[in-house]
Structures are given as C-alpha cells and as structure tokens.
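Subject: Structure handover

Hello,

Here is the structure for you to load. My notes on what turned up follow below.

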Amino acid sequence: MASPKAIDNTEKFMLNTYARPALVLSHGNGSYVYDTTGREYLDFTAGIAVTALGHSHPEVAAIVADQATKLVHCSNLYHNEWAPTLAQRIVTATTKAYPQGTQGIYAEGARVFFSNSGTEANEGALKFARKHGKHVVAAGKLGKAVSDAVQGDPNLKSGLVSFTGGFHGRSMGALSLTANPKYQKPFTPLIPGAVTAKYNSIPEMSAFVDERTCGVIVEPIQGEGGIHAAHVDFMRALRRRCDQVGALLIYDEIQCGLGRAGHLWAHHMLPADCSPDIVTMAKPLANGIPIGAIL
C-alpha cells in the first residue's frame, strides 16, 4: 500500500495538475523505480524524457554530492568553473559531429546561454528572435523587396511562426507557439504576433513566414504531437524562406536532441543547407538536475 500521508498531503497542499496513480515513488536504480512498498517498475517515462543516464547513476550522484559541499548557486554575475566548461563541450561536440555545417550556428562561433528549463530555453530563443527582428530593420539588413512599412518600423518585424503538432512549453511565449487548444484556451489572450502553420506543408509555411516574421520555431522530430519527423524538403524550404525574409530558424531539440534520435542532434540527420540559427535543449542535459540551454 502506498504511503497515505504523502498522498493525503499532496491532495491537501499541492495544486492538482495531473491524475496521479495511488503510489509513492521512493527511489530508482538505472531503468527501474521503486515505490514505498518496495514494488519495482520499469520506468518508460524517465521523468518525461529526462533521466537519460538512469536513476541513481553513481558518477552523477558523486558529482552532485561533491558540488553541493562547495557551491550550489552564484548567479550569472560571477564566473564559475563549470558553466563555461559545459558551454565549450556543447559547442565543440555540435560542430565536430556536423563538419558539413555552413549556415546558422555553424557559420561562426556559436555561443551558449543557460536557463533552468526547456520552456525557459524556448522563451529565450523567442526573445532572441524578437531582438533580431529589430536589429535587422534598424541596421538596414532587409532586402529591397521588403515593404516600406517594415523598413521604417522595427516593431513590425515581430511575427513568430510555429507548426501544428508542436510542443514548446507552457510559459506565455512558448505556450503561444504550442498550438493545442487544451493547453492554450485557459490562458488566452496569448502574446500577439504568434501564428501556426501546418507541419511539413511547404505552401502553407511559405505563406505564413513573411516579411514581418522575426523567428520560426520547429521540432525536427515532434515529441508530444506524436513521433513525426520533418521532411527534408520541408526543412530545406524553411531554411531558405527564413533567409529570404530575414528570420531566425529555431530548432527545438528539447525532446529529440542529445542522442535520442541516434545523433547528437536530430538535425544532424539533415543536409547542411538545413542548419539552424538557434538550437534549444534541456531534459537529458543534466539527467534531471534543472537546466536548459540556448545554442
């Protein structure tokens, strides 16, 4: 029998978000988790695709325990030993695994910004896109075909495009690009300028991504929307269209990246002319310790 006190306290003091089964997990080992009665379960959920190294990995546990005796938090106001080391490894591993890359993050020195979660990584990526839109207008970097209205007002280049079946998070910006009425309806109105096109539809994508678009976010392989891979022709056309209108191409690899598709990144299975400007990551990046990153 599950611990009644833990369940009672959950129901009494915690906001009800999911219909939880009547069991209390106490610990895990590798691919298995155990409840307070000692019953063993094969963990197919892995914290919703998070614990890629398994539960209670001895090396992970030792490192976390050691660091907890030294420094847990110091903020971005100061240097620390490990954040730049991880950033270097992400950049180096990404470029080494995809030497054919020539566009986007592969065109010049990529940088990393760390966050606390996947939805924060996507939120940050959308903010980068909005800032980029203002920059290209102010710097006069848009093509001659762009209308005078957009050329004269940086705020007009603020549109964001996502695709049907995508899931990018539940914060207000990320939620606005997650086109599922079940998630969106309770929190409308969402942020302005966010539209959704049909996944893998080149004609619809071309119509939605226009001169006012500053950023496009897409999962190379969709997770929550079903395991749907983007077609190569679609991703190639999307890259080309973003270049035409001066928009950033953001790959959300929070669920499909970091080895889950058989490559470091799912987009590494795509040709070089599909390279992204931004990649977002989280989930298995620290095997359950809260972290996300924008590359």
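I start with the second largest pocket of this predicted model. Its lining counts 21 residues, and Gly104, Glu108, Leu248, Asp277 and Ile278 are the ones nearest the pocket centre. Two elements give two or more residues to that lining: helix H5 (118-138) and H10. H5 supplies the largest share, with 4 residues. The space in this pocket comes to about 640 Å³. Sorted by class, its lining has 10 nonpolar, 5 polar and 6 charged residues.

**The sheet**

Next, the sheet. It is open, has 7 strands, and mixes its pairing. The order reads S4-S12-S11-S10-S7-S5-S6. Strand S4 (113-115) and strand S6 (194-197) are the edges, each paired on one side only. From one strand to the next, the twist averages 20°.

Helix H10 (residues 232-245) packs on this sheet. H10 touches strand S5 (159-163), S7 and S10, and its direction makes about 160° with that of S7.

Here are the pairings, taken from the S6 edge inwards.

- S6 and S5 run parallel, with 4 bridges between them. Val195 in S6 is the bridge partner of Val161.
- S5 and S7 are also parallel, joined by 3 bridges. Leu160 has Gly215 in S7 as its bridge partner.
- S7 (residues 213-218) and S10 (residues 248-252) are parallel, with 4 bridges. Gly215 faces Leu248 in S10.
- S10 and S11 pair in the parallel sense over 3 bridges. Ile250 stands opposite Ile278 in S11.
- S11 and strand S12 (residues 292-294) pair in the antiparallel sense, over 2 bridges. Met281 has Ala293 in S12 as its bridge partner.

Two of the residues in that list return us to the pocket. Leu248 and Ile278 are among the residues nearest the centre of the second largest pocket.

**Buried strands**

How many residues of S5 are buried? The count is 5 of the 5, so S5 is largely enclosed by the rest of the structure. Both faces are covered. Gly159, Val161 and Phe163 are buried on one side, Leu160 and Ser162 on the other.

Strand S11 (residues 278-281) is covered on both faces too. Ile278 and Thr280 sit on one side, Val279 and Met281 on the other, and all are buried. In a regular strand, side chains alternate between the two faces of the sheet.

**Ile217 and the cavity**

Ile217 belongs to strand S7. Is Ile217 buried or exposed? Its relative accessibility is 2%, under the 20% cut-off, so Ile217 counts as buried.

What does Ile217 touch, beyond its neighbours within four places in sequence? The contacts are Asn122, Val161, Ser162, Phe163, His168, Leu177, Ile250 and Asp252. Val161 is 56 residues away from Ile217 in sequence, but the two C-alpha atoms are 6.4 Å apart.

Ile217 also lines the largest cavity, together with Phe163, Gly166, His168, Tyr199, Val218, Glu219 and Gln222. The volume of that cavity is about 30 Å³. The structure holds 1 cavity of 30 Å³ or more. By class, the cavity lining has 4 nonpolar, 3 polar and 1 charged residues. Phe163 and His168 appear both in this lining and among the contacts of Ile217.

**Backbone points to check**

Three places have backbone angles to look at.

Which peptide bond is cis? The bond from Thr188 to Pro189 is, with omega near 5°. Pro189 is in the loop between helix H8 (181-184) and S6.

Ala46 has a positive phi, near 50°, though it is not a glycine. Ala46 lies in helix H2 (residues 46-49). With 18% relative accessibility, Ala46 counts as buried.

Asn287 also has a positive phi in a residue other than glycine, here near 55°. Asn287 is in the loop between S11 and S12. At 12% relative accessibility, Asn287 counts as buried.

Best regards

Methods:
Residues are numbered from 1 along each chain as its sequence is written. This is a predicted model: local features need pLDDT of at least 70, side-chain atom pairs count only at pLDDT 80 or more; totals for chains, interfaces and linings use all residues. Side-chain values use heavy atoms; hydrogens and water are left out. Two strands pair if DSSP finds at least two bridges between them. Axes are lines fitted to C-alpha atoms, for helices over the stretch in contact, and angles run from 0 to 180 degrees between N-to-C directions. Contact means heavy atoms within 4.5 Å. On a 1 Å grid over the protein atoms alone, a cavity is a set of points where a 1.4 Å probe fits but cannot get out, and a pocket is an open set with protein on both sides within 12 Å along at least five of seven lines; lining residues have an atom within 4 Å of a point. Grid points are joined across faces, edges and corners, and a volume is the space filled by probe spheres set on the points. Ala, Val, Leu, Ile, Met, Phe, Trp, Tyr, Cys and Pro count as nonpolar, Asp, Glu, Lys and Arg as charged, and the others, Gly among them, as polar. Buried means under 20% relative accessible area, exposed over 50%, partly exposed in between (1.4 Å probe, protein chains only).
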